[in-house]
Amino acid sequence: MNSRVALVTGASRGIGKAILHKLGSMGFVAVGTATTNEGAGKIDSGLAQADLSGKGLVLDVTQADSVASLLDEIRDRYSAPYVLVNNAAITRDNLLLRMKDHEWDAVIDTNLSSAYRLTRACLRDMLKMRGGRVVNITSVTAFSGNAGQANYVAAKAGVVGFTKSLALEVASRGITVNAVAPGFIETDMTAKLGESQQAKLVEKIPLGRIGSTDEVAHVVSFLVSAEAGYITGETVHVNGGLYMA
Ligand code: NAP
């Protein structure tokens with residue numbers, strides 16, 4: 001797999017950063033995105049420190065022109081991505097009665113429509129390569145539901161349906177499409193919850209702890225490996241037993 005390009009959206013921190021570094025350590029040219037130049041610079045320095053090949057680039061997953069220019073730059077610098085990890089996401093939590101249109105729209109656009117945009121932009125090249133790997137990061141809440149997150153859960157459940165349908169469309173071309181559904185993982189996203197809410201959540205996790213970003217990254221690294229070539233359309237759960245789908 002050496003010298004093949006792996007593109008990870010939202011790789012400036014959290015789960016995306018761990019995935020980027022894991023794929024870099026497998027020998028991929030690891031291209032990660034952030035929403036700002038500063039974030040892209042941090043990705044560069046993180047990769048350099050870890051002695052990994054790759055680059056940080058700027059991307060707003062909600063903007064079609066940003067997606068197009070990112071792909072142009074990756075093709076110019078390296079070659080088209082063989083691996084795409086749709087990881088970037090946001091939360092705008094609210095009970096449905098209080099939810100604002102902009103909270104609904106931002107989450108659907110950033111967390112679901114982004115997968116459509118990025119994947120469509122990468123797919124033609126994967127078809128030409130007669131191979132490729134798409135991994136979409138969903139969430140345990142896509143299966144369990146979560147009060148206060150109707151927008152986020154709708155987007156993440158949509159990602160699961162997207163994964164299955166696309167897997168069927170491209171299976172004959174040697175491209176696999178899978179999803180990974182993390183439970184509660186230690187990142188900025190879960191830090192927002194506050195200590196007492198976190199403690200209550202941990203009580204419900206059979207393995208008795210919050211998960212690490214590396215534990216999610218390992219699963220992604222398996223799904224993009226040659227050994228996972230017979231797995232497609234699946235969702236792998238990484239949630240400490242919190243929810244058994
Ligand atoms: P995070 O720490 O909040 O990081 C989010 C990443 O997405 C950042 O790199 C951010 O870039 C990027 N991003 C946000 N808006 C973007 C946009 N419009 N365009 C491009 N990039 C954008 O998130 P995380 O906790 O690592 O979560 C990563 C994935 O795992 C997400 O899909 C999330 O839904 C899923 N997940 C997380 C958990 C958890 O417990 N943490 C649980 C289940 C699922 P900037 O740094 O530039 O803002």
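Helices (H or I, at least four residues) and strands (E, at least two) are DSSP runs, numbered from the N terminus. The model is predicted: local features need pLDDT of at least 70, side-chain atom pairs count only at pLDDT 80 or more, and totals for chains, interfaces and linings use all residues. Residues are numbered from 1 along each chain as its sequence is written, and side-chain values use heavy atoms, with hydrogens and water left out.

**View A. Helices in the shell around the ligand.** At least two shell residues come from each of α1 (14-25), α6 (150-170) and α7 (188-191). With three residues, α7 gives the most to this shell.

**View B. Residues around the ligand.** The ligand has 29 residues around it (a heavy atom within 4 Å). Those that come nearest are Ser 12, Thr 35, Asn 87, Tyr 152 and Thr 187. By class, the shell holds 14 nonpolar, 11 polar and four charged residues.

**View C. Polar contacts of the ligand.** Contacts here are pairs of N or O atoms within 3.5 Å. Thr 35 places a polar side-chain atom 2.5 Å from a ligand oxygen atom, and Arg 13 places one 2.8 Å from a ligand oxygen atom. For Gly 183, a backbone N or O atom lies 3.3 Å from an oxygen atom of the ligand. On its own the ligand has 910 Å² of accessible area (Shrake-Rupley method, 1.4 Å probe), and the protein covers 91% of that area.

**View D. Gly 194.** Gly 194 sits in the loop between α7 and α8 (195-203). Its relative accessible area is 27%, so Gly 194 is partly exposed (between buried, under 20%, and exposed, over 50%; 1.4 Å probe, protein chains only). From C-alpha to C-alpha, Gly 194 and His 237 are 24 Å apart in space, and they are 43 residues apart in sequence.

Notes. A polar contact is a pair of N or O atoms within 3.5 Å; within protein, one must be able to donate a hydrogen and the other to accept it, and residues adjacent in sequence count only if both atoms are side-chain atoms. Ala, Val, Leu, Ile, Met, Phe, Trp, Tyr, Cys and Pro count as nonpolar, Asp, Glu, Lys and Arg as charged, and the others, Gly among them, as polar.
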